[in-house]
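This report introduces one structure to a reader who has not met it before. Please look over the sequence and the model before reading on.

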Amino acid sequence: PFVTTLGMSMLLFGVMMILCNGAPNGKIPENLRFWATGFIGGIPSAFYVWMLIAVVVMILIKLTPLGRYIFCTGANERAVNLAGLNVVKIKLIAYGLCGLLAALAGLVLAAYIGTGSLTVGDDYQMDSLTVAILGGAAFDGGKGSIVGTILASLFLMVLFSLIAVLNLDIAIRTMIKGIILVFGFLLNNLQSKRGSRRKKVKAAVNCAE
């Protein structure tokens, strides 16, 4: 899935290059710009957009059958299939939701900078992966936390703001990103192994009883 997503991203990037001749133009409507640069009650309006999306996704994942199906498919696709659920349909919905959220993020980002861009979101591919890993998501699926992802994104935002204030070189920022990603992956891996050991011990105890 990771390689397929990356390949589709490259394909769509090529399509965008063809459609806009390599130089997107036009103007962002002011009512859309407000949701990226405006303020409501002294708080950036983009924060409200972010929190609304976070709450909706949290409700979807925690309180609906679809959320449970997505987690179960990530944990054990074969078991979900044997349970009579349509695995392909669940995957399509999950990918569709990811695409929708990416599109919303792109709209807010375009509204923030005031114009369309083909490259301004490139860094966010690695940032989103780092946030997901730090937030508790597992590469092998079946594990993740919306709250953890929110906290991880806040942590990275504060860290990158601190780097900007300290006026550190872009190379240092890139190195820090790499260190955080590797550390998060190793920590995630360690927690997964501990969880597996506990399950094995519990299963052995149950068998002995």
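## Helix 3 and its surroundings

Helix 3 is the element that contributes most to the nonpolar patch, giving six residues. The structure is a predicted model. The patch lies on the surface, covers about 850 Å² and is formed by F34, W35, I40, I43, F47, Y48, M51, V55, I59 and L63. Helix 2 (30-37) and helix 3 are the elements that each supply two or more residues to this patch.

Two residues of helix 3 may be set side by side.

| Residue | Relative accessibility | Class |
|---|---|---|
| S45 | 0% | buried |
| I59 | 44% | partly exposed |

S45 belongs to helix 3, which spans residues 45-63. Because buried means under 20% relative accessible area, S45 at 0% falls in that class. Leaving aside residues up to four places away in sequence, S45 is in contact with F34, W35, A36, T37, G38, F39 and I40. I59 also sits in helix 3, and I59 is among the residues of the nonpolar patch.

Helix 3 also packs against another helix. Two packed helices are described by the angle between their axes and the distance between the axes. The axes of helix 3 and helix 6 (residues 87-113) come within 12 Å, with a crossing angle of roughly 175°. Helix 3 is therefore roughly antiparallel to helix 6, since angles over 145 degrees count as such. Where the two meet, helix 3 provides V49, I53, V57 and L60, while helix 6 provides L97, L101, L104 and V108.

Definitions and conventions
Residues numbered from 1 in each chain as written. Predicted model: local features only at pLDDT ≥ 70, side-chain atom pairs only at ≥ 80, totals over all residues. Heavy atoms only, no water. Helix = DSSP H or I, 4+ residues; strand = E, 2+ residues; numbered from the N terminus. Buried < 20%, exposed > 50% of the residue type's maximum accessible area, 1.4 Å probe, protein only. Contact = heavy atoms within 4.5 Å. Patch = residues over 30% accessible without salt bridge, like charges linked within 9 Å, V, L, I, M, F, W, Y side chains within 5 Å. Areas by Shrake-Rupley, 256 points an atom, 1.4 Å probe, with all protein chains shown as cover. Salt bridge = Lys/Arg side-chain N within 4 Å of Asp/Glu carboxyl O. Axes fitted to C-alpha atoms, helices over the stretch in contact; angles between N-to-C directions. Parallel < 35°, antiparallel > 145°, perpendicular 65-115°, else oblique.
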